[in-house]
Structures are given as C-alpha cells and as structure tokens.
Amino acid sequence: MKILVCISKTPDTTAKIAFTDNNTKFAEAGVQWIINPYDEWYALVRAIELKEKDASAVIHLINVGGTDTEPIIRKALALGGDEATRVNAVPTDSFTVASQIAVVAKSGAYDLILTGKETIDYNGSSVGGMVAELLDFPYVSLATKFELNGTTASINREIEGGEETAEVNLPVVVSCQKGVAEARIPNMRGIMAARTKPLKVVEPVAAAQLTTVVNFELPPSKAGVKLVSPDQPEELIRLLHEEARII
C-alpha cells in the first residue's frame, strides 16, 4: 500500500502575529515554524500506525513550499515517513497547492492520501477536497477514526448531534482530526535516519490562483478585567447585562 501524507508549514502557536505591506502580508521575521499539527499529529501518525500493521506499506510525504520548509519535512521523515517530495513553489491559495499535490499524487499511484483537517493559520479546510476532486477520488473529511480492512476503509466522523461511519474502497482522500491517532515525537534513531532519507524537489506545474488576500486584520484587544465588590451585586448584574450581554 502506498500512502501520501500532505504536510504544510505553519507558525508556532506561540508566535506573535503581525502583518506588513498595508496588512496584506504575514510578517515572517522572527517566527518559529512547525509542521501543521493536524498534518503531523493525526494524518502522519495514523499513516505510521497503518505501516506498523502492514510492513509492505510505504509513506511518502509531500509539501508545497520553498527551501525554508525542508526542516519540517526532515522532522516528518524522522517521525516515520520513508521519502518526501517538495514542490518548489510558494503557496498562494488552496487551489494552487491542491493542483501541485494532485499532479504528484497522480504519477505516484497512491492508495491513500491523508491530510490534516485544516492548517492552524488559515483554517481553510479545503485542500483535501480539492485534491480528491482533481484526482476523481472519493473524499471523507474530519475523520476521528480510520480503520482499514484490505482495500476497504471504515471511517468515523463527527456530524451535528452525533457520529457517522462511512465505508469506502481505496483509493481515497481523507482529512484527519483529533481522535484518529495519538501524537508522537521523533526518537533519536528516527532523527538520524531522516538525514539520509530521499527528499526530492520538483518544479511546480502551471496552476491558476483563484483567490487573493485583500487584507488581514487582528482581532480587537481584549478589555481589562473588571473587579466588582461582593457587596455590589447590582453592578455585577448591570455589567453582565449591558456590557457582556450574557443575561
């Protein structure tokens, strides 16, 4: 079985967010970059678990980005990927990223393509579905459990008010979220092995950019804490009613 795991670069969750060029670009200076957690903790780790059950399985990684993404690709290889491909293009929108992934996936004849449910910076949740459409594969999103029996996948996903179980034959594209796997960290053996694992760089194909960023905007600053004396319940009620608007 051939598994392709899509990984992306995102800012560390503790990074200070700022914008430049009249709020049209993300300010990258001084930002610590990580593997998108949904790609790492769930999509990649579930692929590794599947390989542990099937020694013939291989895990390929794909990333669309510049040379600055190679450290996170090496970390993914250290976790358990067998080889990786980096499409040498700056991600512009979901469709261009999906187009690059689809071209590589088509030539690789993969049985299973896994993505995180979304990236933690843009929260688009769209690349997996686009890849499936471009490949004419079935697509199941927001998986909380993924089991494989031969060439049939059983996938649990949360829906409004409950849970749904879907069965689908391979090949399939699946986006993963919390519950589908337990996060892991690379061990020393994996880190050493990652240095020599293949990382192929390919040039991008022509793809239309369908969306552009008009501007970014930070959320308003949180107001300071207001302390109300225990002997002033009327003031507390007024604040909850007029300012917090929760009563």
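Partly exposed, the term used for several residues below, refers to a relative accessible area between the buried limit of under 20% and the exposed limit of over 50%. Glu242, at 43%, is partly exposed by this rule. All views come from a predicted model.

**Figure 1. The whole chain, to get our bearings.** The protein chain has six helices and 13 strands. Its C-alpha atoms fill a box of roughly 70 × 45 × 40 Å along the principal axes. Of its 247 residues, 40% count as buried. Among contacts with a separation of 6 or more, 69% join residues 24 or more positions apart. The accessible surface comes to about 14,200 Å², and carbon and sulfur atoms hold 53% of that area. The chain carries 24 positive and 32 negative charges, whose mean positions are 6 Å apart.

**Figure 2. Glu242 and Arg238 meet in a salt bridge within helix H6**. Here the N to O distance is 2.9 Å. The two residues are four positions apart in helix H6 (residues 233–242), so about one helical turn separates them. Arg238 is partly exposed at 31% relative accessibility, and Glu242 is likewise partly exposed, at 43%.

**Figure 3. Asp68 and Lys9 form a salt bridge between distant stretches of sequence**. The closest N and O atoms of this pair are 2.5 Å apart. Asp68 sits in the loop between strand E6 (58–64) and helix H2 (70–79), while Lys9 belongs to strand E2 (residues 9–11), so the bridge ties together parts that are 59 residues apart in sequence. Is each partner buried or partly exposed? Lys9 is buried, because its relative accessible area of 17% falls under the 20% limit. Asp68, in contrast, is partly exposed at 41%.

**Figure 4. Asp21 and Lys25 form another salt bridge**. The closest N and O atoms lie 3.5 Å apart. Asp21 has a relative accessibility of 47% and counts as partly exposed. Lys25 also counts as partly exposed, at 49%.

**Figure 5. Four charged residues are linked in a network of salt bridges**. Look here for Arg46, Glu49, Lys53 and Glu147, the members of this network. The structure as a whole holds 14 salt bridges.

**Figure 6. A nonpolar patch lies on the surface**. Met188, Ile191 and Met192 make this patch, which covers about 290 Å². Ile191 is found in helix H5 (residues 188–194). With a relative accessible area of 36%, Ile191 is partly exposed.

Key: Residues numbered from 1 in each chain as written. Predicted model: local features only at pLDDT ≥ 70, side-chain atom pairs only at ≥ 80, totals over all residues. Heavy atoms only, no water. Buried < 20%, exposed > 50% of the residue type's maximum accessible area, 1.4 Å probe, protein only. Contact = heavy atoms within 4.5 Å. Areas by Shrake-Rupley, 256 points an atom, 1.4 Å probe, with all protein chains shown as cover. Lys, Arg positive; Asp, Glu negative; His and termini not counted. Charge placed at Lys NZ, Arg CZ, Asp CG, Glu CD. Patch = residues over 30% accessible without salt bridge, like charges linked within 9 Å, V, L, I, M, F, W, Y side chains within 5 Å. Salt bridge = Lys/Arg side-chain N within 4 Å of Asp/Glu carboxyl O.
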